[in-house]
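Hello,

Here is the structure we talked about passing on. Please look through it first, then read the notes underneath.

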Amino acid sequence: MEKVVVLGASGSIGRSAADVLAANKDRYTVHTLAAKENLTELCRQTDLLAPENVITASEKRFPELQSLLAGKTAVKCGMEAMIEAVQQPDVDTVLCAIVGTAGIMPVLAALKAGKKVALASKEVLVLAGELVMRAAAESGSIVPVDSEHSGVFQCLAGRRGDEIKKVWLTASGGPFRTWEAEKINNASLSEALAHPTWNMGRKVTIDSASMMNKALELIEAKHLFALNADQLDVVINPQSVVHALAELSDGSMIAQMSVPDMRMAIAYGLSYPERLEKPGSHLDLAKLSELKFYAPDKKKFPSLEFADAALRAGGTLPAVMNAANEVAVERFCNGEIPFGGIWKIVGRVMENSVVEPQKSLEQVLQADAEARRKAWEVKG
Ligand code: MG
């Protein structure tokens with residue numbers, strides 16, 4: 001039996017992870033479930049998975065969770081409890097799906113304790129990729145859980161660095177792929193939330209519409225697979241069936257394909273190097289009426305230009321890009337700025353930041369805070 005800690009249990013990835021863990025109880029037991037403040041979901045998963053510990057990040061909701069789960073499991077609170085949980089000697093795997101920067105410290109602690117980290121939190125590598133990969137080189141390991149990175153991981157399995165010419169992350173193109181630039185700039189919130197293929201949380205769905213999601217994923221891929229900016233590209237596959245491709249030095253292209261179901265990438269993140277049986281639908285190529293690929297339009301979707309700058313500069317620039325985008329998305333959701341304002345804000349904040357090489361977590365978090373402050377002030 002393998003013991004698993006799930007950080008960010010109540011989000012879209014966390015709930016899919018609960019499905020995977022519940023379907024594989026002969027293989028996994030749950031050491032800890034942690035979430036911010038969705039107590040209803042924590043209680044549902046406690047009944048489903050019988051974890052030894054449940055953690056809420058919210059001090060305010062802690063007493064309520066204690067009374068809800070009295071007699072069922074140990075209830076704890078806060079970042080320290082999460083860091084303690086991931087270091088326990090009987091824990092094998094830590095699935096980190098926390099949205100935001102709160103995942104960085106527990107991931108660093110888990111790696112230091114030699115754990116396998118199934119990583120779904122984008123911010124961990126976008127902000128602190130250099131620090132995190134240095135930690136992973138010393139002890140522990142990282143298996144990516146995002147569908148594209150799981151795809152790349154599978155395409156590159158067992159290959160030497162000099163065999164790899166280029167890696168493509170695929171994008172669905174989002175709801176605005178075929179729209180005119182002017183219409184995209186003035187898109188409404190409900191239009192941005194209408195994702196054609198993936199069912200995800202609100203922030204990542206808006207990031208898919210702006211292609212900022214792909215920009216963040218390019219930064220993650222750079223770190224996970226030790227690639228440079230020229231070895232990374234994006235191709236649109238509107239069917240979301242091909243998740244990643246690798247071009248090898250002899251011109252061979254390896255693709256990873258499956259139905260768009262996050263549970264597959266989560267399952268592989270947990271079970272790697274083994275594979276779990278997949279219940280439910282499988283990819284039926286004969287029934288797939290078409291499989292199309294397009295180059296993304298970087299003029300219409302400037303996120304990919306931002307990614308290129310952030311990939312080349314490295315250091316604190318990806319953290320700045322991410323922080324400015326988070327604020328810009330919040331301002332768009334508040335109705336303060338048009339959809340196109342997201343790009344204006346991110347572009348301006350990136351232009352006005354001084355890039356420093358990554359030295360410490362404090363420094364990266366400071367760059368993040370500074371970019372947030374600017375992003376609230378800039379005109380969108
Ligand atoms: Mg993805």
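**What was found**

The protein has 16 helices and eleven strands; both are DSSP runs numbered from the N terminus, with helices being H or I over at least four residues and strands E over at least two. This is a predicted model, in which local features need pLDDT of at least 70 and side-chain atom pairs count only at pLDDT 80 or more, while totals for chains, interfaces and linings use all residues. Residues are numbered from 1 along each chain as its sequence is written, and side-chain values use heavy atoms, with hydrogens and water left out.

Overall shape: the C-alpha trace spans about 55 × 50 × 40 Å along its principal axes. The radius of gyration, taken over C-alpha atoms, is 20 Å, which agrees with the value near 21 Å for a compact globule of 380 residues. That rule is 2.2 Å times the number of residues to the power 0.38.

Of the 380 residues, 57% count as buried, meaning under 20% relative accessible area with a 1.4 Å probe and protein chains only. Contacts are heavy atoms within 4.5 Å. Among those between residues at least 6 apart in sequence, 69% join residues at least 24 apart.

One residue in detail: N325 is found in helix α14, which covers residues 317-333. N325 counts as buried because its relative accessibility is 0%. Leaving out residues up to four places away in sequence, N325 touches K203, D207, M212, I342 and V346.

Regards

Terms used: Buried means under 20% relative accessible area, exposed over 50%, partly exposed in between (1.4 Å probe, protein chains only).
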